[in-house]
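Reader: I am new to this structure and would like to look closely at a single part of it. Could you take me through that part step by step?

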Amino acid sequence: GRGDGGSLVVGVPHALAQRRIAARFVAPLRSAAAAIVGADLPLEVVVAREWLRAHVFRASEVPLAPSLSRKEGA
């Protein structure tokens, strides 16, 4: 999604994933986005739940995790 100021936001599930993706994949992600969009964009790797809470939803509206109790096709 697009973040504040026109940056590309990559949401990840937790801080460990955030650190690993930021360390290993920011350059390839930025290159891929530039190839698609046609321009360089700032890129942010964020913990999705925290970013959504701050930018979109009230905290109570952001689930902790997807429901695992419902099976596919049930």
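How many residues does helix 2 have, and what distance does helix 2 reach from its first C-alpha to its last?

Author: This is a predicted model, and in it helix 2, which covers residues 26-37, has twelve residues and reaches 16 Å from its first C-alpha to its last, close to the 16 Å expected at 1.5 Å a residue. The buried residues of helix 2 are Val26, Ala33 and Ala34, and, seen down the axis of the helix, these buried residues fall within an arc of 100°, so they line one face of helix 2. On the other side of the helix, Ser31, Ala35 and Ile36 are exposed.

As for what the buried face meets, the buried residues of helix 2 pack against strand 1 (8-12), helix 1 (15-24) and strand 2 (43-47). The pairing with helix 1 can be described further: helix 1 and helix 2 pack at an angle of about 70°, with their axes 5 Å apart, and that angle makes helix 1 roughly perpendicular to helix 2. On the side of helix 1, the contact is made by Ile21, Ala22 and Arg24, while helix 2 contributes Val26, Pro28 and Leu29. By type, the residues of this contact between helix 1 and helix 2 divide into five nonpolar, no polar and one charged. Val26 thus appears both among the buried residues of helix 2 and in the contact with helix 1.

Finally, where the chain leaves the helix, Gly38, just after helix 2, takes a positive phi of about 90°.

Note on methods. Residues numbered from 1 in each chain as written. Predicted model: local features only at pLDDT ≥ 70, side-chain atom pairs only at ≥ 80, totals over all residues. Heavy atoms only, no water. Helix = DSSP H or I, 4+ residues; strand = E, 2+ residues; numbered from the N terminus. Expected span 1.5 Å × (residues − 1). Buried < 20%, exposed > 50% of the residue type's maximum accessible area, 1.4 Å probe, protein only. Arc of directions from axis to C-beta. Contact = heavy atoms within 4.5 Å. Axes fitted to C-alpha atoms, helices over the stretch in contact; angles between N-to-C directions. Parallel < 35°, antiparallel > 145°, perpendicular 65-115°, else oblique. Nonpolar A, V, L, I, M, F, W, Y, C, P; charged D, E, K, R; others polar.
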